[in-house]
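I opened the model to look up a few points and wrote down what came back. The entries follow in the order of looking.

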Amino acid sequence: MAQIIGGVASTHVPAIGKAIAEKKFQDPYWKPFFRGFDYVHYWLARTKPDVAVVFYNDHGLNFFLDKIPTFAVGAANEYRSEDEGWGIPVARPIAGDAALSWHLINALVADEFDVTMCQEMLIDHAVTIPMSLMWPGPSQPVKIVPIEINTVQHPLPSLARCFKLGRSIGRALESYGQDLRVVVVGTGGLSHQLDGKRAGFINKEFDTMCLDKIVAEPETLARISIHDLVEQSGSQGVEFLNWMAMRGALTGRVSELHRNYHIPISNTAAATAVYDNQRGAQRRAA
Ligand code: DHB
Ligand code: FE
């Protein structure tokens, strides 16, 4: 049986890729942000996951506005990236676990999530940046299952729907026959808006409320409408949908092991969090 060891959440601001390439870890601007990953590295070294299920949003590299699925699941044994124009080195391909992907896809469709299945899928900075933050160096010791959530083209799925998607993934992981240790990852956020009159918008109060409630009261967050989420967290802050899916996939007793919140990285309130998932604890059925 696969075991969900916990969750990690991380921003995916592309400028981080440049800072990594230029080794700016001690730079006064970057240090408080990178330091937030010391605990993540310690935790990953201790828990040793085999697989990362990554909830993220594509920003136009694989899907564009003409065709954008609400939910898409990668089903490949390798995921390539490409130059997105941010001026950062293109990440090396990341290994996938296609067998696990198909198990999750089957379970999702059985659960009435009619997902798009991608046997080829380019992964953008929303996957590659968190992966290189979690496992610094040229390659990662895990395989991934990337799960894309539309945060770009309205109508977006609701927070409640993304939470339920995560729950379905959590149940499916627990019914997987192989003995795998799985970390679930949510990327993006927290509050930010890159365009329009409110460009540069950040809302620390709202972000703090989200970080406080996501552990023990995710259902409260699930009741927030997309309209209110855009208003409170900015038009790109809706990437919090990825965090909600990650949280949904944590099936046991969940606790926060680590939190770092730093304003700003580029235009974004950068949050890093690690959640423990204690197996065996009862949870309500979805
Ligand atoms: C920034 C943030 C994002 O989430 C993104 O996808 C691209 C850029 C930024 O703050 O620069
Ligand atoms: Fe983004």
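**Entry 1: one aspartate**

I started with D58, which is buried and has no salt bridge. The model is a predicted one. I asked how far away the nearest side chain of opposite charge is from D58. That side chain is R80, and the distance is 12 Å. A salt bridge needs the nitrogen and the carboxyl oxygen within 4 Å.

I then looked up where D58 sits in the chain. D58 lies in the loop between strand 2 (51–56) and strand 3 (71–74).

Next I checked what the side chain of D58 reaches. I found the backbone nitrogen of G60 at 2.8 Å. I also found the backbone nitrogen of F63, which is 3.1 Å from a polar atom of the D58 side chain.

I listed the contacts of D58, leaving out neighbours within four places in sequence. The list reads F63, L122, D124, E148 and V152. F63 therefore appears in both notes, once by its backbone nitrogen and once as a contact, where a contact is heavy atoms within 4.5 Å.

**Entry 2: helix 5**

D124, one of the contacts of D58, led me to helix 5. At the start of helix 5, a side-chain oxygen of D124 comes within 2.8 Å of the backbone nitrogen of A126.

Is helix 5 mostly covered or mostly open? I found helix 5 (residues 125–134) mostly covered, with nine of its ten residues buried. I wrote down the buried ones as H125, A126, V127, T128, I129, P130, M131, L133 and M134.

**Entry 3: salt bridges**

I searched the whole structure for salt bridges and got nine. I noted three of the pairs.

- I found E22 and K18 joined through their side chains, 3.6 Å from N to O. E22 is partly exposed at 42% relative accessible area, and K18 is also listed as partly exposed, at 39%.
- I found E82 and R80 paired at 3.5 Å, N to O. E82 has a relative accessible area of 34% and is partly exposed. R80 counts as partly exposed at 41%. R80 is also the residue I had met as the nearest opposite charge to D58.
- I found D212 and R259 paired at 2.8 Å, N to O. This pair links distant parts of the chain, with D212 in helix 7 (residues 204–216), R259 in strand 9 (residues 253–265), and their positions 47 residues apart. D212 is partly exposed at 45%, and R259 is partly exposed at 30%.

I also noted a network: K18, E22 and K24 are joined by salt bridges that share partners.

**Entry 4: the whole chain**

I finished with the overall figures. I counted ten helices and ten strands in the protein. The radius of gyration is 17 Å, close to the 19 Å that the globule rule gives for 286 residues, so the protein is as compact as a globular protein of that length. The C-alpha atoms fill a box of roughly 45 × 40 × 40 Å along the principal axes.

Of the 286 residues, 54% count as buried. I put the accessible surface at about 12,200 Å², with 50% of that belonging to carbon and sulfur atoms.

Last, I looked at how far apart in sequence the contacting residues are. Among contacts with a separation of 6 or more, 82% are between residues 24 or more positions apart.

How values were computed: Residues are numbered from 1 along each chain as its sequence is written. Chains are lettered from A and ligands numbered from 1 in the order in which they are written. This is a predicted model: local features need pLDDT of at least 70, side-chain atom pairs count only at pLDDT 80 or more; totals for chains, interfaces and linings use all residues. Side-chain values use heavy atoms; hydrogens and water are left out. Helices (H or I, at least four residues) and strands (E, at least two) are DSSP runs, numbered from the N terminus. Buried means under 20% relative accessible area, exposed over 50%, partly exposed in between (1.4 Å probe, protein chains only). Lys and Arg count as positive and Asp and Glu as negative; His and the chain ends are not counted. A polar contact is a pair of N or O atoms within 3.5 Å; within protein, one must be able to donate a hydrogen and the other to accept it, and residues adjacent in sequence count only if both atoms are side-chain atoms. The radius of gyration is taken over C-alpha atoms; the globule rule is 2.2 Å times the number of residues to the power 0.38. Accessible areas come from the Shrake-Rupley method with a 1.4 Å probe; for residues, only the protein chains shown count as cover.
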